[in-house]
Amino acid sequence: MNWNDWILGNEVTIRLGFFFGIFAIMATWEMLSPCRPLSVSKGARWASNLGLVVLNSLVLRLLFPAAAVGIAALAQQQGWGLLNYYAVPFGLSAVISVVTMDLVIYLQHVMVHAVPVLWRLHRVHHADLDYDVTTGARFHTLEIILSMLIKFATILLLGPPVVAVVIFEVLLNATAMFNHSNIQLPAGLDRVLRWFLVTPDMHRVHHSVEDDETNSNFGFSLTWWDRLFGTYRDQPRAGHQGMTIGIHNYRDPKQVNRLPGMLALPFIGRISGYTINRRQWSSHDER
Ligand SMILES: [Zn+2]
Ligand SMILES: [Zn+2]
């Protein structure tokens, strides 16, 4: 049995192992030394957030039994995708794959903030009234399906090694749990890590109710894209203790922190969240 077959056969176990391991570490860490006090009952919030994770996992398994690794194996067999076509050496192609897939996630994240209908879906991630390890995994089922289709398209065009797809998925899952944790790293460590890795303080800015703060720090793993494309913001104006987490006007815990309300969230309210046509230009801005 070769390496690819082993990964394909054990993909679910590998991913679940990392998920539970890192979840346990971050959950313990934020319990022992929380950055902010929680405002909603943790038990009910966790049941809803994790309930959504279970629902999403089941739907993905039913809709896409082959998963991303299956698509990568197919592309490899058929010689589809840039990296398969040009027979790039394994190590280089693995690095290119992980970095490129992270860039695609960044661009996708900017897109779901900019396009009103997609923002409706992504609102579910942002409407959480608290910010902790479970926030990192709560996405509306339709956004998860959209995400998976974009990932399939990326894999078919890129032709990444199967191992790189597993590394990417484990890494994305691990960094999402890490940077949504209700913890605060020592300032010096936070600064150094931020040169390449998104830290809890950096991503917390993105969960602010303030529009300009929400529309910054879109990266999930690498911080380079925000720095390169100009969406980086260092700290929230009100500070990490003073800032408000969530979305203006969506503050009812029944709606935003209970599973039925969360699933209904994309279908309520007026469309008003188009970031680009709301931008105000002042005279000293560059055009
Ligand atoms: Zn977002
Ligand atoms: Zn987030």
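**Notes on a predicted model with two zinc ions**

About 50 Å³ of space lies in the largest cavity. Please keep in mind throughout that this is a predicted model.

1. **The cavity.** To start with the enclosed space: the structure holds one cavity of 30 Å³ or more. Its lining consists of M101, V104, I105, Q108, S147, I150, K151, T154 and F168. Two helices, α5 (90-114) and α7, each contribute at least two residues to that lining.

2. **The pocket.** The open space is worth a look as well. The largest pocket has a volume of about 1,200 Å³. It is lined by 36 residues, and those closest to its centre are R15, S57, L60, I144 and N173. Two or more lining residues come from each of α1 (3-32), α2 (42-63), α5, α7 and α8 (162-179). Helices α5 and α7 are thus worth having on screen for the cavity and for the pocket.

3. **Zinc ion (ligand 1).** Five histidines serve as its protein donors, each through NE2: H109, H113, H122, H126 and H206, at 2.1 to 2.2 Å from the ion. Along the chain these donors follow the spacing H-x3-H-x8-H-x3-H-x79-H. Since H109 belongs to helix α5 and H126 to helix α6, this pair ties together parts that are 17 residues apart in sequence. Both H109 and H126 are buried.

4. **Zinc ion (ligand 2).** Here the coordinating atoms are NE2 of H125, H180, H203 and H207, at 2.1 Å. The sequence spacing of these donor residues is H-x54-H-x22-H-x3-H. What is the geometry of the site of the zinc ion (ligand 2)? The site is irregular, with angles of 90 to 162° among the four donor atoms. A tetrahedral label would need all angles to lie between 85 and 135 degrees, so the upper value of 162° rules that label out.

5. **What the second site joins.** The zinc ion (ligand 2) and the zinc ion (ligand 1) are separated by 5.4 Å. Among the donors of ligand 2, H125 lies in helix α6 (residues 116-126) and H203 in helix α10 (residues 200-206), so this pair ties together parts that are 78 residues apart in sequence. H125 is buried, at a relative accessible area of 0%, and H203 is buried with a value of 0%.

6. **Aromatic pairs.** The count of aromatic pairs comes to nine. How are the rings of F139 and F220 arranged? Their centres are 6.4 Å apart and their planes stand at 65°, so the pair is edge-to-face. F139 sits in the loop between α6 and α7 (141-158), while F220 sits in the loop between α11 (211-214) and α12 (224-229), so the pair ties together parts that are 81 residues apart in sequence. F139 and F220 are both buried.

7. **A pair of neighbours.** W224 and W225 also form an edge-to-face pair, with 6.3 Å from centre to centre and 70° between the planes. Are these tryptophans buried or partly exposed? W224 counts as partly exposed, at 39% relative accessibility, whereas W225 counts as buried, at 9%.

8. **A cluster, and an arginine over two rings.** F19, F20, F23 and W46 form one aromatic cluster. Elsewhere on your screen, please find R227. Its charged end sits over the ring of W195, 4.5 Å from the ring centre. The charged end of R227 also sits over the ring of Y232, 4.3 Å from that centre.

9. **A contact on α7.** Lastly, L149 has its place in helix α7. This leucine counts as partly exposed, with a relative accessibility of 44%. L149 and A68 are 81 residues apart in sequence, yet 9.3 Å apart in space from C-alpha to C-alpha.

Methods. Residues numbered from 1 in each chain as written. Chains lettered and ligands numbered in written order. Predicted model: local features only at pLDDT ≥ 70, side-chain atom pairs only at ≥ 80, totals over all residues. Heavy atoms only, no water. Donors = N, O, S within 2.8 Å, 3.2 Å for Na, K, Ca; no water. Tetrahedral: all angles 85-135°; square planar, octahedral: opposite > 155°, others 65-115°. Helix = DSSP H or I, 4+ residues; strand = E, 2+ residues; numbered from the N terminus. Buried < 20%, exposed > 50% of the residue type's maximum accessible area, 1.4 Å probe, protein only. Phe/Tyr/Trp six-rings, centres within 6.5 Å; stacked < 30°, edge-to-face > 60°. Lys NZ or Arg CZ within 6 Å of the ring centre and 35° of its normal. 1 Å grid on protein atoms, 1.4 Å probe; cavity = no way out; pocket = protein on both sides within 12 Å on 5 of 7 lines; lining within 4 Å. Points joined across faces, edges and corners; volume = space filled by probe spheres on them.
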